[in-house]
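Reader: I should like to discuss the cross-links, charged pairs and interior of this protein. Please show me the sequence and the structure.

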Amino acid sequence: MATSLPPLSQTALSLRRLPPNRRRSPAALELHSPIRIACSASNDGREIRESACCFKELRNVACGALAVWAVAAASPVIAAGQRLPPLSTEPNRCERAFVGNTIGQANGVYDKPIDLRFCDYTNEKSNLKGKSLAAALMSDAKFDGADMTEVVMSKAYAAGASFKGTDFSNAVLDRVNFEKADLQGAVFRNTVLSGSTFNEAQLQDVVFEDTIIGYIDLQKLCTNTTINADGRATLGCR
């Protein structure tokens, strides 16, 4: 049976209207956060410290901008409708899968991008096991019958790829885009699938045994009509 993770609760932040003498517009709101920051400067041996109560609005705007920048920089995931980079011209780029990434892994950060688009790894039984392919570009590649047990494919882009009969046992496949991928007969045994998407993917005869997946992700997965009765029962689809 699939292990479903409960949905996350909303962030504990509160909003309140500013008092009339501090309003700049009718819809002006103030964001409260438990985080405190201090600004310091020194001049002629004198040090001035200001607490978080000062420049609160400026602090919130700055922190929000920094947070957005940090998430974007650390998450090189391909969004829906976003154009992919040009196909790599690196010699032997397909063999990069046999080496994988050396850093990042679950965070989807990499030392060098891995472009495996249109590569053919059919029935590859030894060189892909346990490799880190974080944020790899895998669209239109073929992995039919390959042994990909214990691989780390966090934030990989595998839209349109073929994984017929691929063994993903004990693999980490969180936040992978499997849109329109052919996964017929693939094995997801004790596999992490949280955050992964399977829009229009072919999931006939897929093995979902002890799969780890979030509750909302499971709801979306269960809408795929290609999953057979055994798969739906294992997942707990209603």
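Author: The disulfides of the protein chain follow the pattern 1-2, 3-4, with bonded cysteines counted along the chain. A disulfide here is a pair of cysteine sulfur atoms within 2.5 Å. This is a predicted model, in which local features need pLDDT of at least 70, side-chain atom pairs count only at pLDDT 80 or more, and totals for chains, interfaces and linings use all residues. Residues are numbered from 1 along each chain as its sequence is written, and side-chain values use heavy atoms, with hydrogens and water left out.

Reader: How many disulfides does the rule give?

Author: One disulfide joins Cys94 to Cys119, with an S to S distance of 1.9 Å. Another joins Cys222 to Cys237, at 2.0 Å from S to S. The count by this rule is two disulfides.

Reader: Is the disulfide of Cys94 and Cys119 left-handed or right-handed?

Author: The handedness follows from the torsion about the S-S bond of Cys94 and Cys119. Because that torsion is about -80 degrees, the disulfide is left-handed.

Reader: How many residues apart are Cys94 and Cys119, which the disulfide joins?

Author: The disulfide between Cys94 and Cys119 has an S to S distance of 1.9 Å. This pair links distant parts of the chain, with Cys94 and Cys119 each in the loop between α1 and β6, and the two are 25 residues apart. Helices (H or I, at least four residues) and strands (E, at least two) are DSSP runs, numbered from the N terminus.

Reader: Does Cys119 count as buried or exposed?

Author: Buried means under 20% relative accessible area, exposed over 50%, and partly exposed in between (1.4 Å probe, protein chains only). Its partner Cys94 has 23% relative accessibility and therefore counts as partly exposed. Cys119 has 2% relative accessibility, so Cys119 counts as buried.

Reader: Which parts of the chain does the link of Cys222 and Cys237 tie together?

Author: With -80 degrees about the S-S bond, the link of Cys222 and Cys237 is left-handed. Cys222 lies in the loop between α2 (215-221) and α3 (229-235) and Cys237 in the segment after α3, so the pair ties together parts that are 15 residues apart in sequence.

Reader: How many salt bridges does a search of the whole structure find?

Author: Side chains of opposite charge can pair when their charged atoms come close. A salt bridge is a side-chain nitrogen of Lys or Arg within 4 Å of a carboxyl oxygen of Asp or Glu. The search of the whole structure finds six salt bridges.

Reader: Which residue meets Arg96 in a salt bridge?

Author: Arg96 has 13% relative accessibility and so counts as buried. The partner, at 27% relative accessibility, counts as partly exposed. The side chains meet at 3.8 Å, N to O, and the partner of Arg96 is Glu90.

Reader: Which residues are linked with Arg93 in a network of salt bridges?

Author: The side chains of Arg93 and Asp115 meet in a salt bridge at 3.9 Å, N to O. Both lie in the loop between α1 and β6, so the pair ties together parts that are 22 residues apart in sequence. Arg93 is buried, and so is Asp115. The residues linked with Arg93 in the network are Asp115 and Arg117.

Reader: In which strands do Glu209 and Arg189 lie?

Author: The side chains of Glu209 and Arg189 meet in a salt bridge at 3.2 Å, N to O. The pair ties together parts that are 20 residues apart in sequence, because Glu209 lies in strand β7 (residues 207-209) and Arg189 in strand β6.

Reader: Which side chain of opposite charge is nearest to Asp144?

Author: Lys and Arg count as positive and Asp and Glu as negative, while His and the chain ends are not counted. Asp144 is in the loop between α1 and β6. Asp144 is buried yet has no salt bridge; the nearest side chain of opposite charge, 4.2 Å away, is that of Lys164.

Reader: With which side chain does that of Asp174 make a polar contact?

Author: Asp174 is in the loop between α1 (56-74) and β6 (187-189), and at 10% relative accessibility Asp174 counts as buried. A polar contact is a pair of N or O atoms within 3.5 Å; within protein, one must be able to donate a hydrogen and the other to accept it, and residues adjacent in sequence count only if both atoms are side-chain atoms. The contact of the Asp174 side chain, at 2.5 Å, is with the side chain of Ser154.
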